[in-house]
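Here is a set of questions and answers for a student who is learning to read a protein fold. Please look at the structure shown next and keep it in view while working through them.

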Amino acid sequence: MTAMHDRTPRSVPDILHFRVEDTPDDDAFYYPDPNESWQTLKWNHVGTRARAIAMGLHSLGIDIEDRCSILGITSIDWVMADLGILCAGGATTTIYPSN
């Protein structure tokens, strides 16, 4: 295997990219919706959402290793924001809602 095709992940975004590429139609997350039932998010949708968030953050000026805070309770949106920040090259910091 040449270095160009090396699939050794070097970061969380690499792991995400490889997973989306390898299993796009597999279930990635199950999460509750407001009607108290469960929804499924497939890996290809996770990749699309993370990429969209990363691009939005880039358009706002986030740069490599910039800190980006998430204020909120643990939810699928929190997870997607975290993945988007990491895919943008940022560093996630958290703020507890009670603060």
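Q: How many helices and strands make up the secondary structure of the protein chain?
A: The model shown here is a predicted one. Its elements, taken from the N terminus on, run α-β-β-α-β-α-β. The secondary structure of the protein chain therefore comes, by runs assigned with DSSP, to three helices and four strands.

Q: What does the C-alpha trace of the protein chain span along its principal axes?
A: The span is given for the C-alpha trace of the protein chain, with one value along each principal axis. Those values are about 50 × 35 × 20 Å.

Q: Are H1 and H2 parallel, perpendicular or oblique to each other?
A: Two packed helices are described by the angle between their axes and the distance between the axes. The axes of H1 and H2 come within 8 Å and cross at roughly 140 degrees. Angles over 145 degrees would count as roughly antiparallel and those from 65 to 115 as roughly perpendicular, and the crossing angle makes H1, relative to H2, oblique.

Q: Which residues in H2 meet H1?
A: The crossing of these two helices, H1 and H2, is left-handed. By class, their contact has five nonpolar, two polar and one charged residues. From H1 the contact takes in Leu16, Arg19 and Val20, and these meet, in H2, Trp43, Asn44, Val46, Gly47 and Ala50.

Q: Are H2 and H3 parallel, perpendicular or oblique to each other?
A: Helix H3 covers residues 76-87, and its axis lies 7 Å from that of H2, with a packing angle of about 60 degrees. The range for roughly perpendicular runs from 65 to 115 degrees, while angles under 35 count as roughly parallel. H2 and H3 are therefore oblique.

Q: Which residues in H3 meet H2?
A: H2 passes H3 in a right-handed crossing. The contact of H2 with H3 has 10 nonpolar, one polar and two charged residues. On the H2 side are Val46, Arg49, Ala50, Ile53, Ala54 and Leu57, which meet, in H3, Asp77, Met80, Ala81, Leu83, Gly84, Ile85 and Cys87.

Q: Are H1 and H3 parallel, perpendicular or oblique to each other?
A: The axes of H1 and H3 come within 8 Å, and they cross at roughly 110 degrees. Angles of 65 to 115 degrees count as roughly perpendicular. H1 and H3 are therefore, with respect to each other, roughly perpendicular.

Q: How many nonpolar residues does the contact of H1 with H3 have?
A: H1 passes H3 in a left-handed crossing. In this contact Val12, Pro13 and Leu16 in H1 meet Leu83, Leu86 and Cys87 in H3. No polar and no charged residues belong to the contact of H1 with H3, and the nonpolar ones number six.

Q: Which elements give two or more residues to the lining of the largest pocket?
A: The largest pocket has a volume of about 180 Å³. Its lining consists of Pro13, Leu16, His17, Val20, Gly47, Ala50, Arg51, Ala54 and Cys87. The elements that give two or more residues to this lining are helix H1 (12-22) and helix H2 (43-59).

Notes
Residues numbered from 1 in each chain as written. Predicted model: local features only at pLDDT ≥ 70, side-chain atom pairs only at ≥ 80, totals over all residues. Heavy atoms only, no water. 1 Å grid on protein atoms, 1.4 Å probe; cavity = no way out; pocket = protein on both sides within 12 Å on 5 of 7 lines; lining within 4 Å. Points joined across faces, edges and corners; volume = space filled by probe spheres on them. Axes fitted to C-alpha atoms, helices over the stretch in contact; angles between N-to-C directions. Left-handed = near helix turned anticlockwise from the far one by under 90°. Contact = heavy atoms within 4.5 Å. Nonpolar A, V, L, I, M, F, W, Y, C, P; charged D, E, K, R; others polar.
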